[in-house]
Amino acid sequence: MKKKGFDTRYFVILAMLCAIMLVLQMTGIGLVPLPFINATTMHIPVILGAILLGPTAGGILGAEFGLFSIWTNTTSSSSVLAFAFSPVLAGEMCGAGGAVSAVWTALGCRILLGVIAGWLWKLLKKVKVTDVAALPVAAGVSTIMHSLLVMGSIGLLFSGQFAQAKGIPMDTVFAVAMGVVATSGIPEAIAAIIIVTAVGKALLTLIAHTQKRRR
């Protein structure tokens, strides 16, 4: 019975977070088009899911994030880097290799976001870091690592297209890509720290109380 209850709770929370991400996508506040790259709040449910349910759930939610990113950048994004997240657009520009690279940037990096957040949370709890300290660390570090993965991948896999889109010399591509991490990734990390800490603490407390009542 205990195992069944755990399984039910797992899938209920996972479904709830998937639904929240769908709402973020449909309302346009999950991926907000900016002139250069889309800003996102979609990473927050991914990190929450990874903390509450583990790396596997984080990876599933990250995959949903990635699929939404592919859809948005293929169908409606005005960002000059939309091609880097769309296998269709990248395929038209760079052939099959570009399409594969775009799948990695949009989908692979987002799956890794959830996996990294989940394993980072496990590590922090293994060394007995309190929830109040572990939540902001997991949220902030995983968000910055996600930004580094995405922009690093774009700078490496789409260096020529990046330089052309930005109007910069090729030898400055990686430095400019890391600059985007500072201007976009840091605000996203701050938002994740605030929301994940507040919501995560409340949900962890609720789950702990529920488990106590079942014993």
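These are my notebook entries on a predicted model of one protein chain.

**Entry 1: overall layout**

I began with the secondary structure and counted eight helices and two strands in the protein chain. Reading from the N terminus, I noted the order α-β-β-α-α-α-α-α-α-α.

**Entry 2: dimensions and packing**

I then asked how the radius of gyration of the protein chain stands against that of a compact globule with 215 residues. The chain has 18 Å, and the value for such a globule would be near 17 Å, so I recorded the two as in agreement. Along the principal axes, the C-alpha atoms fill a box of roughly 60 × 30 × 25 Å. For the contacts, I looked at those with a separation of 6 or more, and found that residues 24 or more positions apart account for 69% of them.

**Entry 3: surface and burial of the chain**

The accessible area that the protein chain exposes came to about 10300 Å², of which carbon and sulfur atoms supply 74%. Of the 215 residues, 47% count as buried.

**Entry 4: helix H2**

How many of the residues of helix H2 are buried? I found that 11 of the 11 residues in H2, which spans residues 43-53, are buried, and I therefore entered the helix as mostly covered, taking buried to mean under 20% relative accessible area. Among these buried residues are His43 and Pro45, together with Gly49 and a number of aliphatic residues including Ile44, Val46, Ile47 and Leu48. Just after the helix I came to glycine 54, which follows H2 and has a positive phi, near 110°.

**Entry 5: helix H7 and lysine 166**

I next looked up lysine 166, which lies in helix H7, residues 159-166. Its relative accessible area is 40%, and because this falls between the limits of 20% and 50%, I wrote lysine 166 down as partly exposed. I also took the C-alpha to C-alpha distance from lysine 166 to glycine 155, which is 11 Å, with the two residues 11 apart in sequence.

**Entry 6: helix H8 and a nonpolar patch**

Is isoleucine 194 buried or exposed? Isoleucine 194 belongs to helix H8, residues 173-214, and with a relative accessibility of 56% I counted it as exposed, because the cut-off for that class is over 50%. I then found that Ile194 is one of the residues of a nonpolar patch on the surface, the others being Ile186, Ile190, Ile193, Ile195 and Val199. Together the residues of this patch have about 470 Å² of accessible area. As a reminder to myself, I added that residues three or four places apart in an α-helix point the same way, because the helix has 3.6 residues a turn.

Methods
Residues are numbered from 1 along each chain as its sequence is written. This is a predicted model: local features need pLDDT of at least 70, side-chain atom pairs count only at pLDDT 80 or more; totals for chains, interfaces and linings use all residues. Side-chain values use heavy atoms; hydrogens and water are left out. Patches are made of residues with over 30% relative accessible area and no salt bridge: like charges are joined within 9 Å, nonpolar side chains (Val, Leu, Ile, Met, Phe, Trp, Tyr) within 5 Å. Accessible areas come from the Shrake-Rupley method with a 1.4 Å probe; for residues, only the protein chains shown count as cover. A salt bridge is a side-chain nitrogen of Lys or Arg within 4 Å of a carboxyl oxygen of Asp or Glu. Helices (H or I, at least four residues) and strands (E, at least two) are DSSP runs, numbered from the N terminus. Buried means under 20% relative accessible area, exposed over 50%, partly exposed in between (1.4 Å probe, protein chains only). The radius of gyration is taken over C-alpha atoms; the globule rule is 2.2 Å times the number of residues to the power 0.38. Contact means heavy atoms within 4.5 Å.
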